[in-house]
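Okay, thanks for squeezing me in. Let me put the model on the screen, and then I'll walk you through the parts I looked at.

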Amino acid sequence: MTKDARRVVCYVNQFFGTLGGEEKAGVGPQIVDGAVGAARAVQQALGDAGTVVATVICGDNYAAEQPERAVAEMLALVTAQRPDLVIAGPAFLAGRYGVACGALCAAVQATLQIPAVTGMHAENPGVDLYRRQVYIVQTGGEAVRMLDDARRLVTLGLTLARGEAPGAPAADGYFARGVTHNVVVATNAAERATAMLLDKLAGRPFASEVPLPDFPNVPAPRLIKTLEGATIALVTDGGLVPKGNPDGIEPLNATRYGAYSIEGKAGLDAALYDNPHRGYDTSFVKQDPHRLVPVDVVRELEQRGAIGKLHETVYSTVGVATTLAHSARMGREIAEKLRAAGVDAVILTST
Amino acid sequence: MTPVAVMVGANRIVPAAGIIHPLGNADLSLEDEKALRRRIVERALVALTTEVTRPTVFANE
Amino acid sequence: MRLELRWSRVEALIAAATTRLVGTRLEIDLEALRALLAADARLTRIRLDLVHPGEQVRIGRVFDVIAPRAKLDGGGHLTVMDGQVQVRDFPGVLGAITKVGHGRTLALDGVAVVATDQQADPVAGSLAVIDMAGPNAALSAFGRTHNVVISAWPAPGTGRPEYLAAVRLAALKAAVHLARTARDAEPARVEVFELPPSPRVPAALAHLPRVAYVFQIHSHQRPTGVDEGVLYGDPVRRMLPTIIHPNEILDGAVLRGFMGRSVTTWATQNHPMIRALYAAHGHSLWFAGVVVTVAQATEPERVRSAFLVAGLVAHTLGADGVVLTKIGGGAPHVDMAQAAAQCEALGVKTTLVVEDMSTDGSAEGMLLFNFPGMDALVNVGSSQEPLVLPAMDRVVGADDLAAKLVGETRATYGTLCGAIEQVGATKVMAEVR
């Protein structure tokens, strides 16, 4: 092996490892010296740039039924080979195989801190699960162009092994990982916008610089009780906090929320509250917190019997530049607490 | 921010009185402000008891 | 409307006995300039620093950056009274309210006036910086200009809005003062901006697509102060969309308000979208005109504004396509998207310039809206992305923060003034990988 040649370990399933078909899908992880089965295409694509020192084979059912154990066992086999690069698959449309490829690559990156690449078809469930963490090369649905796919896997893998940054997803043939990173391009945004509009007007293709977000549907719950029997809680993302912000809710990019008692209170005393929210002018709601959290009005409704009960805890966070991930997590956690406390409905005030 | 609420999939949406004072209005007297707050909260209660199948805005009539 | 920008190039900036332009060397009598700016009772103690590209200097507490401009003629009636030339620059804020956008205006290339904010609480706000050397210098125009840095402190009793108005005014005065040195110079280059009234298209060019620009000039997430002029000095508080000539924007009619998220007055004065549309005008498009609008704070106002914008774009300017930019934070995204959606509904194709709003680098967090037809988006980068500010030799404009700012600091792209500009002035882009 030349001095720059990389030690590569491949992972293939029972079929691509020439053990057999579905009848062998239950075999556990095993290792074979050199390149076996589909890994031979990887070796061919590597040429002098690297050597497939070993091939790990694992049955798809074993990988699917006990994923953590399978990955741990495969990882151990990989580690012992001291590789510079791991290439898994390609898995094409085989779902169990694709998910296992993604999982192994993610584990290799995290534990061994060496690059790992895999490849599969766009509809393989492994893509959605692992695209953010793992470089996944896009392949067709079948092994017809195996050598071609192997070449693209190897090219990307060697780039990563050399510590170089890969090209844009379209250029290098991998699925966009959904991460954004500032770069400096050749023309300013105004010029690019003008050019893009002219393309759009002329019916020419153009590449939008921002993917449109896709939010899943949330089924709408039904209020089972009547209002007169219901417990209503108040929640806000407008940043209401007690003076001193005891929970340290961040004024921007919040990751925390607070639970504040209004038990026995007819309203919110402005002197006892504050507001660190940086996304709007908070002077009006500081002057009168009811402009944000309507405790006064809802308490009256409770006293009149129009609603059953005003829940004694107000949940609050700061909703400016909050990540989707943290927003969803906080929402879930608050919802669980409210449900455990017997709350039936929520009025959420958002700024 | 109603369009954002529709987009992210919130099912029951009640437009309020502005970002800086969703349930108030500094230009009104305290009494009128409270009346405004009551009206918006009452609309929220209507929304809570209305069956919906997709993001629905309960707008001011 | 024919505007002539007469550019003189500055390659050196020094303190001297008199303020004058000698070839490409700008000499400034700092004491005289200081005295001119100190005449404002709202300010006390004014300090001027000259900072040059390549110096290991970080400018801190940056509030805004102004490009030197001075009208030679054409600003309404520029008269000489009692031997004093009547100021017509930055009308409604510095000069008298008068029409600008035509005639001759002096401009200096290679120099910027940087206004610092000595009153802001560094903990509550994230104050901007400019790096004059190192990897960040190239990310912003101001790492490559000779900068006249103004530090002024509020006089006792001066509230925040008054202080910011005074600081901005001082920077505008300095900008005019410096540009006036070029009045007798032979310009290095002259740019002519001439655009006839929108309907008057010569037959030979009638086939060109008509493209308009919707320019969001302020966001009412924070209402403007009484002294916070944006459009011809008006604080645009209840502004409904309206049409102005692009030359007016290039000639000082529009300034940035006091909230500076990823926008400087400099970028407005050197407006990249207007320049890009002018450059293509008569060749690949007909520049149909500019609609100015503000981002509203309530939904009804936003809806109304969107309809009015679309009407002006489609029915008055007769545009086939429109580009839109925003100012401010997340809520203005929605204003811009609603206006664009209404334009698309009237058959006008849109392209929007957005800021990557993601706070965790995830592509799904980039946008806060999703309307049909919003398929052509250009982004100006992410302000939230981390950026390392390397150690420097000294800090200017932020004495109280110098000990911290001089060393290596972890900041964000948004901290670096001029790296991210919402009107599209820079080449930074958030790439989705």
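So, start where the chains meet: H181(A) has E431(C) as its bridge partner, and that partner sits in β24(C). That's one spot in a longer pairing, in which β7(A) and β24 of chain C, residues 428-432, run antiparallel over 5 bridges. Just keep in mind that this is a predicted model.

Staying with chains A and C, the contact involves 46 residues from chain A and 60 from chain C. About 4,500 Å² gets buried between the two, with carbon and sulfur atoms giving 58% of it. On the chain A side, T180(A), N182(A) and K200(A) lose the most area, together 16% of what that side buries.

K200(A) turns up again in the charge pairs: E344(C) makes a salt bridge with K200(A), closest N and O atoms 2.9 Å apart. The rule finds 2 salt bridges across this interface, plus 19 residue pairs in polar contact, both residues at pLDDT 80 or more. Which elements of chain A are doing the touching? β7 (180-184) and α8 (189-202) each supply at least two residues, and α8(A) gives the most, with 11 residues. By class, that side splits into 25 nonpolar, 13 polar and 8 charged residues.

Now over to chain B. Here 33 residues of chain A contact 26 residues of chain B, and the buried area is about 2,400 Å², 67% of it from carbon and sulfur atoms. How many salt bridges does the rule find across A and B? It's 6. One to click on is D288(A) with R37(B), where the closest N and O atoms are 3.9 Å apart. There are also 8 residue pairs in polar contact, both at pLDDT 80 or more. On the chain A side, α9 (283-287), α10 (295-304) and β14 (345-349) each give two or more residues, and the largest share, 6 residues, is from α10(A). That side has 22 nonpolar, 4 polar and 7 charged residues.

Last stop, inside chain A. There's an open, mixed sheet of 6 strands, ordered β2-β3-β1-β4-β5-β6, with β2 (30-33) and β6 (135-138) as the edge strands. Neighbouring strands are turned by 25° on average, direction ignored. Within that sheet, β4 (85-88) and β5 (116-120) run parallel, joined by 3 bridges, and A88(A) stands opposite T118(A). Helix α4, residues 95-112, packs on the sheet, touching β1, β4 and β5, at about 165° to β5(A).

That's me done, over to you.

Notes: Residues numbered from 1 in each chain as written. Chains lettered and ligands numbered in written order. Predicted model: local features only at pLDDT ≥ 70, side-chain atom pairs only at ≥ 80, totals over all residues. Heavy atoms only, no water. Pairing = 2+ DSSP bridges. Helix = DSSP H or I, 4+ residues; strand = E, 2+ residues; numbered from the N terminus. Axes fitted to C-alpha atoms, helices over the stretch in contact; angles between N-to-C directions. Contact = heavy atoms within 4.5 Å. Buried area = accessible area lost by both parts, 1.4 Å probe. Salt bridge = Lys/Arg side-chain N within 4 Å of Asp/Glu carboxyl O. Polar contact = N/O pair within 3.5 Å; in protein donor to acceptor, adjacent residues only side chain to side chain. Nonpolar A, V, L, I, M, F, W, Y, C, P; charged D, E, K, R; others polar.
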